[in-house]
Amino acid sequence: MRLQGKVAIVTGAVGDAGEAQARLFAREGAAVLLTDIRESEGRSLAADIAGLKNHTASFCTLDVTDEDAWRFAIKECVTRFGNLNVLVNNAGVIQSEPLLEITDQEWERVMAVNTKGVFLGTKHAIPAMKNAGGGSIINISSTSGLLAGGRGAAYGTSKGAIRTFTKYAAVQYSNDGIRSNSVHPGPFESEMIADILRSTVDKEASIARSPMGRLGKVEDVAYAALFLASDDSSYMTGSELVVDGGMTAQ
């Protein structure tokens with residue numbers, strides 16, 4: 001098992017992408033603290049994972065935009081499992097309106113969840129990882145953080161900020177044995193982008209842009225995160241792992 005003995009936090013764990021990551025990490029031997037703002041669903045999911053043979057999981061309510069909530073979640077993780085080795089900053093919100101239709105409130109909401117949440121998680125995970133002798137921070141960005149599209153300026157900007165922030169963390173804390181990398185999924189079938197791909201035309205257009213002829217799956221992103229969480233990627237930090245079926249290669 002690739003994460004045997006490691007302790008991981010996954011944010012936004014109630015969503016299908018976060019759930020896939022949490023389930024895979026637990027199956028690979030990690031003790032996983034699932035976090036989300038949806039408490040009842042989160043506790044149910046953690047109990048379901050923990051009920052499987054050789055799986056260890058628990059839940060903690062976390063609003064990623066709240067610094068005190070982060071302090072509590074990190075403390076809970078160390079108290080329950082002994083340390084912290086892996087953080088997956090997966091929680092995020094999407095935005096698809098054209099630039100001139102984005103309100104101040106929507107811009108602030110996207111930046112708070114997608115960018116501030118990653119900053120706060122990294123800030124408070126690093127001391128715990130130092131105490132554990134090192135760790136891996138995995139920030140779920142997007143191909144929208146690499147290339148601009150016709151819509152979603154707030155979303156793309158927030159994901160581009162994650163890309164750059166990841167590199168700062170990598171450079172500043174590599175000597176502490178802490179690695180920081182970003183994952184950049186292309187369009188994939190998940191509840192978060194279901195509304196955008198709701199029409200058959202939109203979905204077919206996205207598939208047509210893919211050299212592999214399909215959208216991604218939440219499992220594709222989860223396996224990328226697993227690689228970065230494991231010692232298999234021990235010489236990777238400050239890197240961008242693109243999981244997009246070749247879309248950005250064109």
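## Polar contacts of Gln-95

In this predicted model, a polar atom of the Gln-95 side chain lies 3.1 Å from the backbone nitrogen of Tyr-155. The side chain of Gln-95 also has a polar atom 3.5 Å from the backbone nitrogen of Ala-153. Helix α5 covers residues 153–173.

Gln-95 itself belongs to the loop that connects β4 (86–89) with α4 (104–131). Its relative accessible area is 3%, so Gln-95 is classed as buried, the cut-off being under 20%. Leaving aside residues up to four places away in sequence, Gln-95 touches Ile-102, Glu-106 and Val-110, together with Gly-152, Ala-153, Ala-154 and Tyr-155.

## Strand β4 and its neighbours

Strand β4 is paired with β1 (residues 7–10) in the parallel sense, and three bridges support this pairing. Ala-8 has Val-86 as its bridge partner in β4. Strand β4 is also joined to β5 (residues 135–140) by four bridges, and these two strands again run parallel. Here the bridge partner of Asn-89 is Asn-139 in β5. The route of the chain from β4 to β5 passes through α4, and the resulting β-α-β crossover is right-handed.

In a regular strand, side chains alternate between the two faces of the sheet. For β4, both faces are covered. Val-86 and Val-88 are buried on one side, while Leu-87 and Asn-89 are buried on the other. Two of these residues also appear in the bridges described above: Val-86 is the partner of Ala-8, and Asn-89 is the partner of Asn-139.

## The aromatic pair

The structure contains one aromatic pair. It is formed by Phe-119 and Phe-165, whose ring centres are 6.2 Å apart. Their planes meet at 85°, and the pair is therefore edge-to-face, for which the angle must be over 60 degrees. The pair links distant parts of the chain, with Phe-119 in helix α4 and Phe-165 in helix α5, 46 residues apart.

Both rings belong to partly exposed residues: Phe-119 has a relative accessible area of 36%, and Phe-165 has one of 26%. These values fall between the limits for buried, under 20%, and exposed, over 50%, which is why neither Phe-119 nor Phe-165 is assigned to those classes.

## Links between α4 and α5

Helix α4 lies on the path of the right-handed crossover from β4 to β5, and Phe-119 of α4 is paired with Phe-165 of α5. The loop between β4 and α4 holds Gln-95, which touches Ala-153 and Tyr-155, among others.

Key:
Residues numbered from 1 in each chain as written. Predicted model: local features only at pLDDT ≥ 70, side-chain atom pairs only at ≥ 80, totals over all residues. Heavy atoms only, no water. Buried < 20%, exposed > 50% of the residue type's maximum accessible area, 1.4 Å probe, protein only. Polar contact = N/O pair within 3.5 Å; in protein donor to acceptor, adjacent residues only side chain to side chain. Contact = heavy atoms within 4.5 Å. Phe/Tyr/Trp six-rings, centres within 6.5 Å; stacked < 30°, edge-to-face > 60°. Pairing = 2+ DSSP bridges. Right-handed = clockwise from strand over helix to strand, strands pointing away.
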